[in-house]
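Subject: A structure to look through

Hello,

Here is the structure I promised to pass on. Please open it next to this email and follow along.

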Amino acid sequence: MAQMTTTPPVAAPTNETPARVNKPRRGRRGIGASIGLHATLIVASLIAIGPIAWVVLSSFKPGYAVNSTEITLIKDPTVANYEYVLFETNFPSWFLNSVIVAALTMLIGIFFSATTGYALSRFNFPGRRSLMLVFLVTQMFPVSILIVPIYTIMANLGLINTLPALVIAYLTIAVPFCAWMLKGYFDSIPTSLDEAAALDGCGPFRIFWRVILPLARPAIAVTGFYAFLTAWGEVAYASAFIQTDDKYTLSYGLQQFVPQFNAQWEYLTAAAVLVTIPAGIVFLFAQKHLVSGLTAGGTKG
């Protein structure tokens, strides 16, 4: 006997659509969490920007307004503080000295750090691990401990009260750290690029200059910025090695506005604003090259 099959009845079509279940999207914040996050960001921004804004506003106030116990944002604004700092003090001379020292520290520091980092990354030579350990150990000593031995060396070389003494002292701070950082970045660049360039007849220096450095522009930019700031804002070595007013750098010259008695805060704030301008320009320059270097390295790699 043949087996009979039955088909289930088909339901008649209806115009009713099933109700959607509103499920919370994954990763979507609630209103309370969003408000709390934005409030935290606003408070953090005010904490970061507040002191800078206060210094800028104080630089446009007269002396009695800065020293007043009354808290005001703007009171009798004036540019006399900037005129005094620029035209009645040795601020232009301090500025030139700082530019020379910072520029030389940055350029020489990049050269030594890049070549040292590349050698530590690509070559295996006797004393390599010991050299890396020395670079690491030098970062553990505070500046106050190193001032005396470096001062003795500079005195024996006759470099006290000269700008080269500051450049050499700042290089002892910048080069070990920057060499370690660049060594790590060079390790991330494939060695196959070196081998391909060597097959094309390039020597080690040409490989470093033509192949590796263009890909390392992000790290070079960060290295240069760090070396520049090391020399631009340092005070301890400048106060120990420089003895005459015409050789002061900006960071040490600003102390002339805050003597033991009768501190001139209005002039100090104006000078502080002027000091930050070159550092901001160097930061913008390094940031631009950092982004372009990352893009070039991604397309070439």
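**A residue in a loop**

N161 sits in the loop between α6 and α7. Helices here are DSSP runs of H or I with at least four residues, strands are runs of E with at least two, and both are numbered from the N terminus. This is a predicted model, where local features need pLDDT of at least 70, side-chain atom pairs count only at pLDDT 80 or more, and totals for chains, interfaces and linings use all residues. Residues are numbered from 1 along each chain as its sequence is written, and side-chain values use heavy atoms, with hydrogens and water left out.

Back to N161. Its phi is near 65 degrees, a positive value in a residue other than glycine. Is N161 buried or exposed? N161 is buried, because its relative accessible area is 15%. Buried means under 20% relative accessible area, exposed means over 50%, and partly exposed is in between (1.4 Å probe, protein chains only).

**The whole chain**

The chain has 13 helices and 0 strands. It holds 301 residues, and buried residues make up 34% of them. Its accessible surface comes to about 19200 Å². Carbon and sulfur atoms own 67% of that surface. Such areas come from the Shrake-Rupley method with a 1.4 Å probe; for residues, only the protein chains shown count as cover.

Now the contacts, meaning heavy atoms within 4.5 Å. Take those in the chain with a separation of 6 or more. Residues 24 or more positions apart account for 72% of them.

**The cores**

A nonpolar core is a set of buried Ala, Val, Leu, Ile, Met, Phe, Trp, Tyr and Cys residues joined through side-chain atoms within 4.5 Å. The largest one has 40 residues. Which of them touch the most other members? They are V85, F91, L166, Y237, F241 and F257. Several elements give two or more residues to this core, including α3 (80–87), α4 (91–122), α7 (163–187) and α13 (265–300). Apart from it lies another core, of 16 residues. L182, I207, L213 and L215 are among its members.

Look at F241 in detail. Leaving out residues up to four places away in sequence, F241 touches I147, I150, Y151, I160, N161, A165, L166 and A169. So the loop residue from the start of this email turns up again, as N161 is on that list and is buried.

**Annotated spans**

The unreviewed UniProt entry carries the annotation "transmembrane region" for residues 35–57, 94–120, 132–153, 165–186 and 267–286. UniProt positions are given in the numbering used here, feature names are shortened, and annotations may be inferred rather than shown by experiment.

Two of these spans can be checked in the model. Residues 35–57 are 100% helix and 0% strand, with end C-alpha atoms 30 Å apart. Residues 165–186 are also 100% helix and 0% strand, and their end C-alpha atoms lie 31 Å apart.

T269 lies in helix α13. T269 is buried, with a relative accessible area of 13%. Which residues does T269 touch, not counting those up to four places away in sequence? They are V55, S58 and S59.

**A patch on the surface**

L136 is part of helix α5 (residues 128–138). At 40% relative accessibility, L136 counts as partly exposed. L133, L136, M140, F141, I145 and W180 make a nonpolar surface patch of about 620 Å². Patches are made of residues with over 30% relative accessible area and no salt bridge; like charges are joined within 9 Å, nonpolar side chains (Val, Leu, Ile, Met, Phe, Trp, Tyr) within 5 Å. L136 and W180 are 44 residues apart along the chain, yet their C-alpha atoms are separated by 8.0 Å.

**Salt bridges**

A salt bridge is a side-chain nitrogen of Lys or Arg within 4 Å of a carboxyl oxygen of Asp or Glu. By this rule there are 2.

- R122 and D194 meet at 3.1 Å, N to O. R122 lies in helix α4 and D194 in helix α8 (residues 191–199), so the pair ties together parts that are 72 residues apart in sequence. Both R122 and D194 are buried.
- K183 pairs with D187, with the closest N and O atoms 3.0 Å apart. The two are separated by about one helical turn, because they are 4 residues apart in helix α7. K183 is buried, with a relative accessible area of 13%. D187 is partly exposed, at 39%.

Best wishes
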